[in-house]
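Colleague: Got a minute to walk me through this one? I'd like the overall picture and a bit of the packing.
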Amino acid sequence: MRKRPVFVLARKELVMMINAPATYVIAVVFLLINGWLFVSPLFQMNQSTLDSFLRPLPLIFTFLIPALTMRAFSEEFKSGTIEVLATLPIEDVEIVLGKYLAALGLIGMLVACTLFYPLVLFFVGRPDPGQLIGAYVSIVCLAAFFAAIGLWASAFTRNQVVAFIVGFFVCFLFFLMDRVADFLPGVFSGFVRGLGIETHFDALARGVLDTRDLLYWASGTFFFLAACLTIVQSKKWR
């Protein structure tokens, strides 16, 4: 049975990302920072909670995910291998989805390493299982959204550094919106706050499952993937 091209490409891209030296540097930094953020309250304040790990995670992801995705298309454009990829029997949408799934796979591996934290909480206290599930659902949704932004930014330019800067800037903009909303009047404040990630992230992290939050993550992810596909198609490889 012939494997679907999108999964073949996703596997190839994931292996390439795992074998990149920069990935190990980013992974070590990510795990060290989050390990310290999680462990500190346990010893300093004797608190068994994921809050110290979750609160700074959106800001950490604004750096982490664009750094992981910046090579996805920009390296293909720079090296010219995109022309080889274009000659294969694979559609543009499958190329975008393959690279996106590879990015999610790598991010998922990093997030999976933090599953040790809930186990520690069960050992030292009595955390709410529903809240823990909600916390990781919020992490997955945020990662999926930022990965779509990072992929779009990578398709935007041939330069990896520029791709990182553009991806970081857009992710950081969504991170800042909730804070900017505090300085805006009435209806504008609510609108801008609704576009920001913090309100939606915090709601899921508390274990509150709201379809409006899920719709926000799904629509935002779809928008940037569609924008990425538009850029890819505009290159007219075929």
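Modeller: Sure. One term up front: contact means heavy atoms within 4.5 Å. And keep in mind that this is a predicted model.

Colleague: OK, then what does Thr-221 touch, leaving out residues up to four places away in sequence?
Modeller: Its partners are Tyr-100, Ala-144, Phe-145 and Ala-148.

Colleague: Which helix is Thr-221 in, and is Thr-221 buried or exposed?
Modeller: Thr-221 belongs to helix H13, residues 211–234. Its relative accessibility is 10%, so Thr-221 counts as buried.

Colleague: Switching topic: how do H7 and H9 pack?
Modeller: H7 (residues 92–112) and H9 (residues 129–156) meet at an angle of about 140°, and their axes are 10 Å apart. Roughly antiparallel needs over 145 degrees, so the pair is classed as oblique. The crossing of H7 past H9 is right-handed.

Colleague: And which residues make that contact?
Modeller: From H7, Val-96, Lys-99, Tyr-100, Leu-104, Ile-107 and Val-111. H9 brings Tyr-136, Ile-139, Ala-143, Ala-144, Ala-147, Ala-148 and Leu-151. By class, that's 12 nonpolar residues, no polar ones and one charged.

Colleague: Zooming out, how many helices and strands are there?
Modeller: 13 helices and zero strands.

Colleague: Why call the protein as compact as a globular one of that length?
Modeller: Its radius of gyration is 19 Å, close to the 18 Å the globule rule gives for 238 residues, so the label fits. The C-alpha atoms fill a box of roughly 60 × 45 × 35 Å along the principal axes.

Colleague: How much of the protein is buried?
Modeller: Buried residues are 49% of the 238.

Terms used
Residues are numbered from 1 along each chain as its sequence is written. This is a predicted model: local features need pLDDT of at least 70, side-chain atom pairs count only at pLDDT 80 or more; totals for chains, interfaces and linings use all residues. Side-chain values use heavy atoms; hydrogens and water are left out. Helices (H or I, at least four residues) and strands (E, at least two) are DSSP runs, numbered from the N terminus. Buried means under 20% relative accessible area, exposed over 50%, partly exposed in between (1.4 Å probe, protein chains only). Axes are lines fitted to C-alpha atoms, for helices over the stretch in contact, and angles run from 0 to 180 degrees between N-to-C directions. Angles under 35 degrees count as roughly parallel, over 145 as roughly antiparallel, 65 to 115 as roughly perpendicular and the rest as oblique. A crossing is left-handed if the near helix is turned anticlockwise from the far one by less than a right angle, and right-handed if clockwise. Ala, Val, Leu, Ile, Met, Phe, Trp, Tyr, Cys and Pro count as nonpolar, Asp, Glu, Lys and Arg as charged, and the others, Gly among them, as polar. The radius of gyration is taken over C-alpha atoms; the globule rule is 2.2 Å times the number of residues to the power 0.38.
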